[in-house]
Structures are given as structure tokens and as C-alpha cells.
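Welcome! Have a look at the structure below, and then let us walk through it together, one region at a time.

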Amino acid sequence: MRVFPLLFLAACAPDIAAVMADSVPATPSFSADVAPILEQHCVRCHERDGTLDGGVELDTYLGARGARVSSTCTSVGDDVVDVYSADLLPEAGNGSDVPCEPWKTLSMPPGAEVKLSIVEQVMLAQWVATGAQP
Ligand code: HEC
């Protein structure tokens, strides 16, 4: 019965490669894949005609594309940042001029009382990594 604890551990650790293969399109789109996540977790505070907290607009493609790196960095865990670190650096040409790390001190949704699921986290990061397609 030595195999049992190992299986249990494997089931607990988020396997990002498996999530990418099973649940995330190679090139996620804003309208089909990202907007529903932002709608559920973010838009109530980041709406163009609403509170627009932090001046960040997440209910339109252009707003979300502009905030794509900061939004991803505030919303994903360390394991996702590790996998996508190259894409989240300023020199990756992704529209950011500050690396991901400092933003992780501010987590969204605030207090992270409802964290994004691992699939949702990988979806945001993969969207950024593939050029934030509409
Ligand atoms: C309950 C309201 C609320 C929700 C929900 C929320 N935010 Fe925020 N967000 C804020 C507030 C307030 C600020 C401004 C914080 C500050 O400037 O100190 C902010 C700031 C930000 C910033 C700017 C951070 C920076 O330093 O540039 C980003 C990006 C952001 N939010 C993304 C998101 C994303 C992505 C989600 C959903 C996963 C989300 N927010 C959900 C209230 C919210």
C-alpha cells in the first residue's frame, strides 16, 4: 500500500501541464475564454461604467488587453507564475514594463477570498503568453 500516499499527493499538486493539455486551448481568445472568467470574478469592480477600481477596465477587450500582465500577476499562484515567468517579464513584449513579482503582493479578487481555479489561472496566463487574442 505504499503507492497510495503518492497518488494522493499527485492528485493534490496542481499539474499545470495536464491543465494546459486538457482544459485550456492552445490559443485562448478573449471573447470565448477570458471574458467569462473576468465577468465572474472581476468585472463588478472593474467595469468601465461602474466603479472602475484602480482605473482598471476589465469588461472590454481593449481594457483587459491593456491590463493583461498586471491582471494575470494579481490573479495567479506561484506555480503558474513559475511556468509562465518568461511570458510575464517586460522583455517578453507583452505590453508590461514591470516584472510580475511585485504585483503579487496585491491579489485579486481582493483578499483572494474567492481564488481563481487552476484552470482559470492557466487560461489567463496562456492568453497573455499567446498575444492576448480577441
Ligand atoms: C471587490 C472588488 C474587486 C474585485 C472583485 C477585483 N478587484 Fe481588482 N482592484 C480592486 C481595487 C479596489 C483595486 C485598487 C487597489 C489599489 O490600487 O490599491 C484593484 C486593482 C486592480 C489592478 C491594478 C493593480 C496594479 O497594481 O496595477 C488590477 C490589474 C486588478 N485589480 C485586476 C483584477 C482582476 C484580474 C480581478 C479578477 C480576478 C479583480 N481585479 C477583481 C477591486 C477589485
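Sorted by class, the shell around the ligand contains 10 nonpolar, 7 polar and 2 charged residues. This is a predicted model, so please read what follows with that in mind. In total, 19 residues surround the ligand, and the closest are Cys-42, Cys-45, Asp-53, Gly-54 and Met-108. Which helix gives the largest share of this shell? That is helix H5, residues 68–75, with 4 residues.

Met-108, one of the closest residues to the ligand, is a good place to go next. The peptide bond that leads from Met-108 to Pro-109 is cis, and its omega is near -10°. To find Pro-109, look in the loop between helix H6 (78–84) and helix H7 (118–129). Why does such a bond deserve a second look? Most peptide bonds are trans, and most residues other than glycine have a negative phi.

That second point brings us to Leu-52. Its phi is near 50°, a positive value in a residue that is not glycine. Leu-52 sits in the loop between helix H3 (30–41) and helix H4 (61–66). Is Leu-52 buried or exposed? Leu-52 has 15 other C-beta atoms within 10 Å, so it counts as partly exposed; a buried residue would need 20 or more.

Now move along the chain to helix H7. Its 12 residues should span 16 Å at 1.5 Å a residue, and because its end C-alpha atoms are 16 Å apart, the two values agree. Helix H7 is also mostly covered, with 9 of its 12 residues buried. These buried residues are Glu-120, Gln-121, Val-122, Met-123, Leu-124, Ala-125, Gln-126, Trp-127 and Val-128. What do they pack against? Their partners are helix H2 (16–23) together with H3, H5 and H6. One of these partners, H5, is the helix we met at the ligand, where it supplies 4 residues of the shell.

Finally, step just past the helix. After H7 comes Gly-131, with a positive phi near 90°. Ala-132, in the segment after H7, also has a positive phi, of about 50°, although it is not a glycine. With 21 other C-beta atoms within 10 Å, Ala-132 reaches the cut-off of 20 or more and is therefore buried. Leu-52, by contrast, is partly exposed.

Note on methods. Residues are numbered from 1 along each chain as its sequence is written. This is a predicted model: local features need pLDDT of at least 70, side-chain atom pairs count only at pLDDT 80 or more; totals for chains, interfaces and linings use all residues. A residue is near a molecule or strand if its C-beta atom, placed from the backbone, lies within 6 Å of it. Helices (H or I, at least four residues) and strands (E, at least two) are DSSP runs, numbered from the N terminus. Ala, Val, Leu, Ile, Met, Phe, Trp, Tyr, Cys and Pro count as nonpolar, Asp, Glu, Lys and Arg as charged, and the others, Gly among them, as polar. The expected span of a helix is 1.5 Å times one less than its number of residues. Two residues are in contact if their C-beta atoms, placed from the backbone, lie within 7 Å.
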